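Q: Please go through this model with me and explain what lies behind the terms used for its surface and its sheet.

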Amino acid sequence: MFIFITMHPVSEERSIFKIFTILYAVALTTIALLSVFSQIKIQQALTHQMNDAHVINFAARLRTYSQTLSKLALLLESGRDIEDNRKEFINTLKQWQKSHEGLQSGSNFLNLPANDQDELKQMFEIIRNPHQEIWNAASNMIVVLNEDTAFNTSRIRPYVQTILAYEKSYLLGMELIVFDYDRFSKERIRNLKEIEYIVLGLVLFTLMLEAGLIFYPLSTRIRKIIRGLVDAQERARKLTEEVQLANQEKLLRQEMEQRIRSYSIINGQEKERKRIAAEIHDGIGQMLTSLRMKLEQIEDRSMQHDPEIAMVNTMMYSIINETKRICADLLPSVLEDFGLRAAIDELLRLCRQTAPRIDFRLEETLSATTLPKEVKIGVYRILQESLNNAIKHANADIIEIDIDGAANFLQLTVRDNGKGFHFDSHQLYSNEQARKVNGIRNMKERAELLGGTLLIDSQPGTGTSIQLALTF
């Protein structure tokens, strides 16, 4: 029995990329470690360089101090400015001694490291005797200078001679010490250069290995994968075009069905409005008119004036007017009889009666061209809904209506200076906001059914602007 094991291509790719990832991580880690090691060595070298410069500076100062001691000793021997030269001599001697001891044993105060070089220890041992002789002679001079008796230059002359005698050998030894410090500093720099060259070679070698073992094989595989992806994308594009072509007719059919459905709904609404308006006018309207006439007859037969009958008669008059207004809203007969311009004038007249505190301003430039019936009804309903919303909710003082129309174009704009509101077009079809935005959604559907666009611009405190644009 034979068992065939087939490795899945995805698992194989994952294994390969995992190996590349490990190699890449190892290479980066190696480069990082070499860089860290190089930086540590550089920082150590810089620290030694700073210390060496500081030590060389102090070693040079020792030579200066010894020369100053000799000069001050000669001045004291000559008897000039005894007091000032004495103080300066004492201070110079102390600084010379502290610096000399600090170079050998180290000093935190002077920021000097302890001497750890055997050659330098030997050099300091060579100049130990001249240093000690100068120190003893200078110390004895200070004892003589601090005595209360009258100063006699002959008493310090032997000490001066001693200082001058050993100064040359001390200076020569200190010069050799300075040279040794400089030589040690240069050796450290040479060693650092060698280490840096080695690290650089290792880094370059690592990069070459990385290029040969990782980047080149990986780039080859990536090119192969990209070529496969491009081929797959081309196949997917062709398949998408085929699907789009197959669905295009379906989408067009669905869009046409939606338009027909929307048109049927709106047309049905208009017919229902017409039927309800006719029933109200012919039924309830006639009954209310008859009832009002009966009330007037009762009021006329009454021997004395009854205020309650007059109040009921007034209420009846208001009910009849409100019924007429509702019928006019449901079925604006003036729209069919006299056109859109007359219907707009009648609508504004009713709005002024309903809201006398609002200033309605109309600018109209409609052409004499007869508009299609659907356009007239749609524009009228959108304007009617806009004005009703502004009157009820905007709390505005001024409402401006601009309507401009030509043979194949119409634009309607309704602006108010009311309180405005936060408008989000995504809420038009939200179930939670269905009742609040029902009027706006109807206006937008009417505009889209007519092949136009409806734009609403409103923010709290800035008023509201509704703009309808139709091309037919």
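A: A patch is made of residues with over 30% relative accessible area and no salt bridge, and nonpolar side chains are joined within 5 Å. The model is a predicted one, and the values that follow are computed from it.

Q: What makes I19, L23, F205, L209 and L213 a nonpolar surface patch?

A: Nonpolar side chains here include Leu, Ile and Phe, and they are joined within 5 Å. I19, L23, F205, L209 and L213 make up such a patch, with an area of about 470 Å². Helices α1 (9-78) and α5 (153-301) are the elements that give two or more residues to the patch, and the largest share, 3 residues, comes from α5, the helix in which F205 has its place.

Q: How do you know that β1 and β2 are paired, and in which sense, parallel or antiparallel?

A: Two strands pair if there are at least two bridges between them; β1 and β2 (residues 398-405) are joined over 7 bridges in the parallel sense, therefore the criterion is met. Within this pairing, F360 has I399 of β2 as its bridge partner.

Q: Why are β1 and β4 said to stand at the edges of the sheet?

A: The open sheet has 5 strands in the order β1-β2-β3-β5-β4, with mixed pairing. Because β1 (359-365) and β4 (453-458) each have a single partner strand, one side of each is left without a neighbour in the sheet.

Q: Which strands does helix α9 touch?

A: Helix α9 (residues 373-394) packs on the sheet and touches β1, β2, β3, β4 and β5 (464-471), where contact means heavy atoms within 4.5 Å.

Note on methods. Residues numbered from 1 in each chain as written. Predicted model: local features only at pLDDT ≥ 70, side-chain atom pairs only at ≥ 80, totals over all residues. Heavy atoms only, no water. Helix = DSSP H or I, 4+ residues; strand = E, 2+ residues; numbered from the N terminus. Axes fitted to C-alpha atoms, helices over the stretch in contact; angles between N-to-C directions. Patch = residues over 30% accessible without salt bridge, like charges linked within 9 Å, V, L, I, M, F, W, Y side chains within 5 Å. Areas by Shrake-Rupley, 256 points an atom, 1.4 Å probe, with all protein chains shown as cover. Salt bridge = Lys/Arg side-chain N within 4 Å of Asp/Glu carboxyl O.
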